[in-house]
Amino acid sequence: MPGLQGNPGRVRPSRGARHPRHSGAAPPFPALDCFTAPDSHTFAFKGLISCNWLQALEVGIDPAHASFLHRFFEDGDAAEAYGKQFRATSDGSDLPMTYVLREYARPRIEVENTEYGLRVTALRTINEATTHVRVTNLVFPQAFVIPMSAEMTITQWHMPVDDTHTYWVAIFTSFARPVDRAQMRAQRLESYSLPDYLPKLGRHNDYGFDPDEQATETYTGMGEDINVHDQWAVESQGAIQDRTRENLASSDKAIAANRRLLLRAMAAMEEGRAPALMQDAEATPRIIGPATIDTMAPTAEWESRWREAVSRRRGAAPWAPPALAAE
Ligand SMILES: [Fe+2]
């Protein structure tokens, strides 16, 4: 594949700084839902992206981009949404996600610092009475946890192969039915080739761009697989984005917050202190969840209603995920 010489596993690895306290020992493991759920309720897949890991991550903490990059001019059939991001309906609503994203393109974004990183909440005012609430998370430094559908979340890491190649590694976690792994795998193998999980669409074939499709069906003209859209968005910035030439805007609030976390962590490393959010053996097991939801809520009560929706879903899950603290 152009842009990748040989086996990605043989590319020179990045030289990361060694953690001052955990050198030689594996760091403690947080009890995220994707690690707590049984095998029957999870499914894992990965894919290569030809760019630096940080820009590959940052598309996942920008809640506004989905209204444009993943815009579909017509709503699909909800019955065919299984296993696909943004194709189902929100919790407590008949409105397809494609409709909500397309028609309400300017979310209000709230960012909170948490024990694991950031909680990023996107609020779309549907009308005076109703607000669409989408709660996503950054697990610092390189993962996000986001809702995929009413029953499933995606926890996705961005693992550097070297400075200019990254594997996204995702665990899909169901809070309801067991995951149909065969279907999930077959869907993804339409877009990725084994054994190296290389994307079939990329710079080498213009990401499948079709101007007729762009005129009539999708914003990008690059097909319906949102991973292709995201891959184009992050690779087209250049293998390592030149951040001296960017202008962060209000919709980049979470990205700016993440940069602050990174700068603080790097300063701590340089001073020989444990970086912020690098948890110790006692604190790490307290990191559970985190909460994700995509729901419609009464505008006046959105803050309590999304938490209730999360509790309801967790309470009904057959594998008894731990209750989350109501903060
Ligand atoms: Fe995206």
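Helices and strands here are DSSP runs, a helix having at least four residues and a strand at least two, numbered from the N terminus. On that basis, the chain of this predicted model has nine helices and twelve strands.

**Exercise 1. Confidence**

Task: State the mean pLDDT of the chain, and identify where the pLDDT is below 50.

Solution.
1. The chain has a mean pLDDT of 89, and 90% of its residues reach 70 or more.
2. The pLDDT is below 50 over residues 1–20. Beyond near neighbours in sequence, this stretch has 26 contacts in the model.
3. Where pLDDT is low, the predicted coordinates should not be read in detail.

**Exercise 2. The surroundings of strand E5**

Task: Determine which strands pair with E5, and in which sense.

Solution.
1. Begin with E4, which spans residues 117–125. Nine bridges link E4 and E5 in the antiparallel sense, and four residues lie between the two strands in a hairpin. In this pairing, Ala122 stands opposite Arg134 of E5.
2. Turn to E12, residues 293–298. E12 and E5 run antiparallel and are joined by six bridges. Here Arg134 stands opposite Asp294.
3. Finally, consider E6, residues 143–147. Three bridges connect E6 with E5, again in an antiparallel arrangement. The two strands form a hairpin through three residues, and Val139 of E5 stands opposite Ala143.

Task: Explain why E5 is described as largely enclosed by the rest of the structure.

Solution.
1. A residue counts as buried if 20 or more other C-beta atoms lie within 10 Å of its own.
2. Strand E5 covers residues 130–139, and nine of its ten residues are buried; therefore the strand is largely enclosed by the rest of the structure.

**Exercise 3. The nonpolar cores**

Task: Identify the residues with the most contacts inside the largest nonpolar core, and the strand that gives its largest share.

Solution.
1. Of the 327 residues of the chain, 37% count as buried.
2. The largest nonpolar core has 49 residues, and the most contacts inside it belong to Ala56, Leu138, Phe144 and Phe172.
3. Strand E8, residues 165–174, provides the largest share of this core, with five residues.
4. Apart from this core lies another, of six residues, including Phe86 and Met97.
5. Leaving aside neighbours within four places in sequence, Leu138 is in contact with several residues, among them Ile61, Val120, Phe144 and Ala254.

**Exercise 4. Two residues compared**

Task: Classify Phe86 and Arg314 as buried, partly exposed or exposed, and describe the surroundings of each.

Solution.
1. Phe86 lies in the loop between helix H3 (66–69) and helix H4 (97–103). Phe86 counts as buried because it has 20 C-beta neighbours inside 10 Å.
2. Twelve residues separate Phe86 from Thr98 in sequence, and their C-alpha atoms are 6.2 Å apart in space. Beyond its neighbours within four places in sequence, Phe86 is in contact with Ala66, His70, Met97, Thr98, Leu101 and Ile226.
3. Arg314 is located in helix H9, residues 302–316. Since 18 other C-beta atoms lie within 10 Å, Arg314 is partly exposed.
4. Arg314 and Ala291 are 23 residues apart in sequence, with a C-alpha to C-alpha separation of 9.3 Å. Apart from its neighbours within four places in sequence, Arg314 is in contact with Phe175, Pro321 and Ala323.

Notes
Residues are numbered from 1 along each chain as its sequence is written. This is a predicted model: local features need pLDDT of at least 70, side-chain atom pairs count only at pLDDT 80 or more; totals for chains, interfaces and linings use all residues. pLDDT is the predictor's confidence in each residue, from 0 to 100. Two residues are in contact if their C-beta atoms, placed from the backbone, lie within 7 Å. A residue is buried if 20 or more other C-beta atoms lie within 10 Å of its own, exposed if 12 or fewer, and partly exposed in between; C-beta atoms are placed from the backbone. Two strands pair if DSSP finds at least two bridges between them. A nonpolar core is a set of buried Ala, Val, Leu, Ile, Met, Phe, Trp, Tyr and Cys residues joined through C-beta atoms within 7 Å.
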